[in-house]
Structures are given as structure tokens and as C-alpha cells.
Amino acid sequence: QVQLVESGGGLVQPGGSLRLSCAASGSSFGIGTMGWYRQAPGKEREWVASITSGLSTTYADSVKGRFTISRDNAKNTMYLQMNSLKPEDTAVYYCHAIVKIGYWGRGTQVTVSS
């Protein structure tokens, strides 16, 4: 079993920044691709960004140029630096990791509002 715990969410004004973290524990040896997803109220969960164990990254068009995904393999931790936040970025952000199978965290709320 692998446990994923997100942190770093909160309330921020438009144009502001937040940094999310996702810490993996348990049987987390050999974590493969990790990613961030988000789900806004009344909408389906959508992919935001992914990073492979070799640190290759991909982004959804909606966040490209504003968000940066990274990971520290030694710490089994992934990050999402979010800049120039917009109200439409408001959502619960979920961490996902592949360790033979996929695992999800419980999510952290990000609210962008003035």
C-alpha cells in the first residue's frame, strides 16, 4: 500500500501563488509517473500535469506557463508551483502516483478569490 498526502492548499487572491506538496509513504519504493489532477465543483476531475521518474514533465494547456511540476525522488515528494492563479483554478487538487498500480491522495482545496 502507498499513502499520498497533499498539503499547501488554501485561499489566494487572483494573480497570487501557491505551492502544493505530495508526500508518498508506505510501499513507495520504485514510484513511477506522478501527477496532479483537479476537480472543480460540478465538474469532472481533470489532469493538470505529470512528471516521470526521469523528471520529464507535461502540462495541460490551461496551466502551461503558469504551473511547474517537480519531484524529489530521494524524499518521495512531488510539488506543484502555481503562479498567476486565476479564479478558474479553484478546485480540489489531487496527487496521483503509479507504484505498479495507481494511487490517489485525498486532495487539498485551492481557492482563488478576491
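Is Leu85 buried or exposed? Leu85 is buried, as its relative accessible area is just 2%. Keep in mind that what you're looking at is a predicted model. Below is a quick tour of that leucine, a threonine in strand E11, an aromatic pair with an arginine close at hand in the story, two residues with positive phi, and some strand pairing.

**Leu85**

- You'll find Leu85 in the loop between E8 and E9.
- Loop or not, Leu85 counts as buried because its relative accessible area of 2% falls under the 20% cut-off.
- Leu85 touches Val12, Pro14, Gly15, Gly16, Ser17, Leu18, Arg66, Phe67 and Val112, once residues up to four places away in sequence are set aside.
- One of those partners is Gly16: 69 residues separate Gly16 from Leu85 along the chain, yet their C-alpha atoms are 5.5 Å apart.

**Thr108**

- Thr108 belongs to strand E11, which covers residues 108-112.
- With a relative accessible area of 11%, Thr108 is buried too, since anything under 20% gets that label.
- The Thr108 side chain reaches over to the backbone nitrogen of Gly9, at 3.2 Å.
- Gly9 also shows up among the contacts of Thr108, along with Glu6, Ser7, Gly8, Leu20, Ala91, Val92 and Tyr93; neighbours within four places in sequence are left out here.

**The aromatic pair and Arg45**

- How many aromatic pairs does the structure hold? There is 1.
- That pair is Tyr37 with Trp104, arranged edge-to-face, with 4.9 Å from centre to centre and 70° between the planes.
- The pair links distant parts of the chain: Tyr37 sits in strand E4 (residues 34-39) and Trp104 in strand E10, 67 residues apart.
- Trp104 is partly exposed, at 41% relative accessibility, because that value lies between the 20% and 50% cut-offs.
- Arg45 comes into play here as well: its charged end sits over the ring of Trp104, 4.6 Å from the centre of that ring.
- The charged end of Arg45 also sits over the ring of Tyr94, this time 3.7 Å from the ring centre.

**Positive phi**

- Most residues other than glycine have a negative phi, so the next two are worth a glance.
- Asn76 has a phi near 50°, a positive value in a non-glycine residue.
- Look for Asn76 in the loop between strand E7 (67-72) and strand E8 (77-82), where it is partly exposed with a relative accessible area of 24%.
- Lys100 isn't a glycine either, but its phi is positive at about 70°.
- Lys100 lies in the loop between strand E9 (91-99) and strand E10 (101-104).
- Is Lys100 buried or exposed? Lys100 is exposed, with a relative accessible area of 86%, because that is over the 50% cut-off.

**Strand pairing**

- Strand E1 (residues 2-7) and strand E3 (residues 18-26) run antiparallel and are joined by 6 bridges.
- On the E1–E3 side, Val2 stands opposite Gly26 in E3.
- Which way do E3 and E8 run relative to each other? They are antiparallel, and 6 bridges join them.
- In E8, Thr77 is the bridge partner of Ala23.

Conventions: Residues numbered from 1 in each chain as written. Predicted model: local features only at pLDDT ≥ 70, side-chain atom pairs only at ≥ 80, totals over all residues. Heavy atoms only, no water. Helix = DSSP H or I, 4+ residues; strand = E, 2+ residues; numbered from the N terminus. Buried < 20%, exposed > 50% of the residue type's maximum accessible area, 1.4 Å probe, protein only. Polar contact = N/O pair within 3.5 Å; in protein donor to acceptor, adjacent residues only side chain to side chain. Contact = heavy atoms within 4.5 Å. Phe/Tyr/Trp six-rings, centres within 6.5 Å; stacked < 30°, edge-to-face > 60°. Lys NZ or Arg CZ within 6 Å of the ring centre and 35° of its normal. Pairing = 2+ DSSP bridges.
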